[in-house]
Amino acid sequence: MTNQLPQNVVPDNDQTRARHEHLEALRELVGNVYPNKFQRSNVTANASGEDTITSIVEKFKSFEPQVVAGQKPSVDALESANDKLNKVLVRVAGRIAAPPRVMGKAAFVHLSDGTSRLQIYVRRQDVTGVSNDADGGEVDGWKLFNLLDHGDFIGIEGYLFVTKTGELSVHVEKLQFLAKALLPMPDKMHGIHDPEIRQRQRYADLIAGSLKLERDEGDLTPREVFELRSKVVREIRRFLDEHGYIEVETPMLTPLATGAAARPFKTHHNALDIDLYARIAPELYLKRLVVGGFEKVYELNRNFRNEGISTKHNPEFTMLEFYWAYADVNQMIHLCEELLRSVVYTVTGHTHVRYGDHMIDFSQPFQRIAR
């Protein structure tokens with residue numbers, strides 16, 4: 001096994017070399033450092049069929065004793081919570097969200113699933129490491145733990161408890177290595193502010209957002225932005241489907257760059273020996289479907305325009321186009337208003353959206369401007 005790092009991905013410096021050395025030591029200890037699977041428990045009985053850190057926190061957070069800020073919970077409160085929690089055995093996986101706090105022969109560290117954090121407690125005499133080779137087996141768990149870095153993925157098995165400070169935690173009995181982070185993690189306090197990194201390395205922005213501790217009021221993490229977008233697309237589909245529309249897919253490579261005024265991306269089809277263009281809009285194909293007999297048709301599609309680029313303007317983008325036979329412009333305006341109001345309310349839970357310094361109320365009728 002070579003010790004060289006792929007320089008185009010992982011820069012060669014003290015931190016990355018140390019992480020690579022840990023990876024090689026883990027390979028000797030657990031064997032396969034790229035295991036295919038980790039079986040999670042399902043004590044929370046959530047819809048996904050397996051426990052996540054978020055589902056564990058949501059279900060058992062209420063066991064944390066309520067105390068006045070600056071004070072510790074009473075011994076009786078801790079014992080009462082732990083009498084119940086110690087009976088709950090969980091198997092969860094996640095990313096090490098902060099450098100471990102090692103105190104002699106024990107350590108605390110937080111795991112993250114990208115949404116929530118859960119503290120785990122690792123004690124030398126209690127933890128057993130899991131071999132990743134096909135025959136399984138046990139390895140030195142404490143040695144395994146000390147080869148882990150901030151950002152690594154691990155799987156753990158253990159029982160729930162609350163610490164003396166009242167924090168929900170897992171007392172780890174089994175520890176399995178799942179994946180190594182060869183690059184140091186982003187600044188956990190402030191996240192990533194460089195727009196080039198945020199736009200071109202979305203995975204790094206997602207990681208930084210999940211680890212970030214300081215957040216402004218109303219500030220969305222990158223993950224929350226992704227989730228909101230997914231809800232928007234889902235509600236658009238639901239709304240149009242319920243209004244009798246049929247979703248279709250039309251060609252992305254076309255012999256003519258038509259449907260809008262834009263400069264196209266050009267490519268060549270070798271088998272047919274013809275030039276093709278990445279579509280700039282799906283308009284003509286959708287209209288052909290209307291001519292063919294579809295009275296209501298729509299497409300959520302990717303379009304490509306070989307023009308400028310910025311953090312708010314990408315040459316590859318998603319567009320919604322829908323067509324309604326026998327309807328005039330006023331009916332389409334009314335439908336668009338209904339669609340936007342439905343999307344805003346379903347996604348946010350209310351009809352008010354802040355845009356810059358303005359608060360927009362989607363519950364009010366839209367102003368019509370005659371031209």
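**Exercises on strands and salt bridges**

E337 is buried, with a relative accessible area of 7% (buried means under 20% relative accessible area, exposed over 50%, partly exposed in between; 1.4 Å probe, protein chains only). The model is predicted, so local features need pLDDT of at least 70 and side-chain atom pairs pLDDT 80 or more, while totals for chains, interfaces and linings use all residues. Residues are numbered from 1 along each chain as its sequence is written, and side-chain values use heavy atoms, without hydrogens and water.

**Exercise 1.** Describe the salt bridge of E337 and R368.

*Solution.* Step 1: the side chains of E337 and R368 meet at 2.4 Å, N to O. A salt bridge needs a side-chain nitrogen of Lys or Arg within 4 Å of a carboxyl oxygen of Asp or Glu. Step 2: the two residues lie 31 residues apart and link distant parts of the chain, with E337 in helix α9 (residues 329-348) and R368 in the segment after β16 (358-361). Helices (H or I, at least four residues) and strands (E, at least two) are DSSP runs, numbered from the N terminus. Step 3: R368 is partly exposed, at 45% relative accessibility.

**Exercise 2.** State how E242 and R238 are placed in helix α7.

*Solution.* Step 1: the closest N and O atoms of this salt bridge are 2.6 Å apart. Step 2: E242 and R238 are separated by about one helical turn, because they are 4 residues apart in helix α7. Step 3: E242 counts as exposed at 60% relative accessibility, whereas R238 is partly exposed at 33%.

**Exercise 3.** Classify both partners of the salt bridge between D275 and K266 as buried, partly exposed or exposed.

*Solution.* Step 1: the N to O distance in this pair is 3.3 Å. Step 2: D275 has 34% relative accessibility and is therefore partly exposed. Step 3: K266 has 56%, so K266 counts as exposed. The structure holds 19 salt bridges.

**Exercise 4.** Find the strands that pair with β7 and say how they run.

*Solution.* Step 1: strand β1 (residues 89-96) is joined to β7 by 7 bridges, and the two run antiparallel. Two strands pair if DSSP finds at least two bridges between them. L89 has Y159 as its bridge partner in β7. Step 2: strand β8 (residues 168-179) is also antiparallel to β7, with 10 bridges, and V170 in β8 is the bridge partner of L160. Step 3: the hairpin of β7 and β8 has 5 residues between the strands, and G166 there takes a positive phi near 90°. Step 4: β7 (residues 153-162) is mostly covered, with 8 of its 10 residues buried.
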